[in-house]
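This report looks at the empty spaces of a protein model and at a part of its surface. Please keep the sequence and the structure in view while reading.

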Amino acid sequence: MSQQSVPATPSNFAVWFEYSLGSSLALRKTIDILIAGKRKFDAATNHELYITYVAPQAAADPLGDLPEQLSGLIATAQQFLNTAVTDNQTHIKALGEVSSEAAASSDPRTIISKLVDELSKATARAATLEANFAATSEELDSIRDSLKAAEQRSNTDALTGLANRHSMDEFLRLAQIAAMEKDEALSVFLIDIDHFKKFNDDYGHQVGDQVLRLVAKVLQEGVREVDLAARYGGEELIAVLPGADLEACTSVAERIRRRIAEAKLTRRATGKEIGSITVSIGVSQFRLAESAEAMIERCDRGLYQAKRLGRNRTVTETELEPEAGAA
């Protein structure tokens, strides 16, 4: 902190303490990039580092509670292995006894009979062990599929099928680090459905949900595979575009806005066409070391400026009105 002229405030100390511990790889990478770029650790940068990497941290143990079923399977597998080891030791001992008898006996029929008996026992034990492991393997496959489905559900918004807010936050955090490491652009745009409340009031929430799903579908189809489309909250959707500058991001946002305005929506119950759907969009580009909240806040200001100007339009951070920027 002394080398970088960082004031020893409680929040700054918390940031650099985490940096020294190395418990946050994202924080370490970010600070290392800033130091390498000879970035000044001014009050704004220090504040962004604190609210992005320290303030939101929760002391959650990722290995907290293993599912009881999985714990039971692990115990069962351990029991199978212990049984197999014991059986193998018994088998070796029995073969040793047969070997000793063979050395002292002149009747090969007795020796052969005992060998066949031991081999039969070994075969039966192996078959039982194989069957037990096969059943356990099937159950593990089932648990794996269930965990995969649960992970998918935890990262997906149930209504729209887009990524949810939690998934978007994680994706954007990694995208910010990558943008700083590679010195590449990163942009986002925020969509809000115009007069969404009116759809709910005039046609009911089912139609409102239908409108939201339609906009989500157009958004998902309008971005690249490397991008992320997510539900930000309520009727707001967001897209994160790694490697795209403000101009490229605005072009994508405008294309999506026009496609939504051209879409036709009909009521499923009556087949009657509903009024046109339009959206307002705000666009911003990532600035070195800023928090995700700061970047999205500029999107939000652009979005509401678009609404003030009549809706159904896209406003970038460079078009923000002076008074809005000052606020």
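In this predicted model, the second largest pocket holds about 320 Å³ of space. Of the 13 residues that line the second largest pocket, those closest to its centre are D169, E170, R173, A292 and E293. Helices α3, α6 and α10 (292–308) are the elements that each give two or more residues to this lining, and α6 supplies the largest share of it, with 6 residues.

The model also holds 1 cavity of 30 Å³ or more, and the volume of the largest cavity is about 30 Å³. The lining of the largest cavity is formed by T30, T52, Y53, Q176, M180, F286, A289 and E290, and the elements that give two or more residues to it are α3 (43–54) and α6 (165–182).

The table sets out the make-up of the two linings by residue class.

| Space | Nonpolar | Polar | Charged |
|---|---|---|---|
| Second largest pocket | 5 residues | 3 residues | 5 residues |
| Largest cavity | 4 residues | 3 residues | 1 residue |

As background to such descriptions, rolling a probe the size of a water molecule over the atoms shows where empty space is left.

Turning to the surface, which residues form a nonpolar patch there? The patch is made of F13, F17 and L21, which together have about 330 Å² of accessible area. Of these residues, F13 is found in helix α1, which covers residues 10–21.

Technical notes
Residues numbered from 1 in each chain as written. Predicted model: local features only at pLDDT ≥ 70, side-chain atom pairs only at ≥ 80, totals over all residues. Heavy atoms only, no water. Patch = residues over 30% accessible without salt bridge, like charges linked within 9 Å, V, L, I, M, F, W, Y side chains within 5 Å. Areas by Shrake-Rupley, 256 points an atom, 1.4 Å probe, with all protein chains shown as cover. Salt bridge = Lys/Arg side-chain N within 4 Å of Asp/Glu carboxyl O. Helix = DSSP H or I, 4+ residues; strand = E, 2+ residues; numbered from the N terminus. 1 Å grid on protein atoms, 1.4 Å probe; cavity = no way out; pocket = protein on both sides within 12 Å on 5 of 7 lines; lining within 4 Å. Points joined across faces, edges and corners; volume = space filled by probe spheres on them. Nonpolar A, V, L, I, M, F, W, Y, C, P; charged D, E, K, R; others polar.
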